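Student: Please take a close look at a single part of this structure and explain it in one connected answer.

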Amino acid sequence: MNGMPIRTWISRSAGDTEALGERIAGVASRGQVIGLSGDLGAGKTALIRGLARGLGFTGRIHSPTFSLINLYEGGRLPLFHLDLYRLDGPAAIHEAGLEDYLIHPGGISAVEWIGRWTPPPSHQSHWSIHLTPLDDTTREITHDIPGL
Ligand SMILES: Nc1ncnc2c1ncn2[C@@H]1O[C@H](COP(=O)(O)OP(=O)(O)OP(=O)(O)O)[C@@H](O)[C@H]1O
Ligand SMILES: [Mg+2]
């Protein structure tokens, strides 16, 4: 987190979480990095699905757990969807060649398992979103996104 106030929001369905992602698309500008954390199945991909929809992307959205990165083009801005789950630290992220997409000046980067990454000193800041399952369908979502 970067010192912005933390806001908490309760999602009662996957659709609710996607709707939050759509709202984030409305306030995100080029070069924005959005880091997501939370356990397996917390809803990180669901939120990014809404983000991609909100940007105007119409294709399929799925977790790039094995491919490491998906690119969604055709919307207002390109969206780089990364999943660092299988990478255990900065060296592995570097070797996979992901740094140029983690921070990309031409689009928005949405990063699942952001905790695996150590930002370089030159990195300005990024938005942080944390999802906590409360029960099967309820998620507590905390974030530091201004204006949301
Ligand atoms: N309120 C909710 N918000 C988001 N997802 C929900 C909610 N309630 C139920 N779900 C379900 O939880 C699952 C969330 O899966 P999702 O792939 O988005 O998780 P993830 O955090 O990306 O996990 P992974 O770390 O494995 O990539 C989906 O099956 C979704 O339908
Ligand atoms: Mg996922």
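Tutor: Glu112 is buried, with a relative accessible area of 3% (buried is under 20%, exposed over 50%, partly exposed in between, with a 1.4 Å probe and protein chains only). This is a predicted model, in which local features need pLDDT of at least 70 and side-chain atom pairs pLDDT 80 or more, while totals for chains, interfaces and linings use all residues. Residues are numbered from 1 along each chain as written, chains are lettered from A and ligands numbered from 1 in written order, and side-chain values use heavy atoms, without hydrogens or water.

Glu112 (OE) coordinates the magnesium ion (ligand 2) together with Thr45 (OG1) and Ser63 (OG), at 2.1 to 2.4 Å. Donors are N, O and S atoms within 2.8 Å of the metal (3.2 Å for Na, K and Ca); water is not among the atoms, so the site may look incomplete. Along the chain, the donors follow the spacing T-x17-S-x48-E. Ser63 lies in the loop between α2 and β3 (69-72), and Glu112 in strand β5, so the pair links parts of the chain 49 residues apart (helices, H or I, have at least four residues and strands, E, at least two, as DSSP runs numbered from the N terminus). Unlike buried Glu112, Ser63 is partly exposed, at 26% relative accessibility.

Strand β5 (108-112) also gives two or more residues to the largest nonpolar core, as do α1 (14-27), β2 (33-37), α2 (44-55) and β6 (127-133). That core has 25 residues, and Ile108 is among those with the most contacts inside it (a core is a set of buried Ala, Val, Leu, Ile, Met, Phe, Trp, Tyr and Cys residues joined through side-chain atoms within 4.5 Å). Helix α2 gives the most, with 5 residues.
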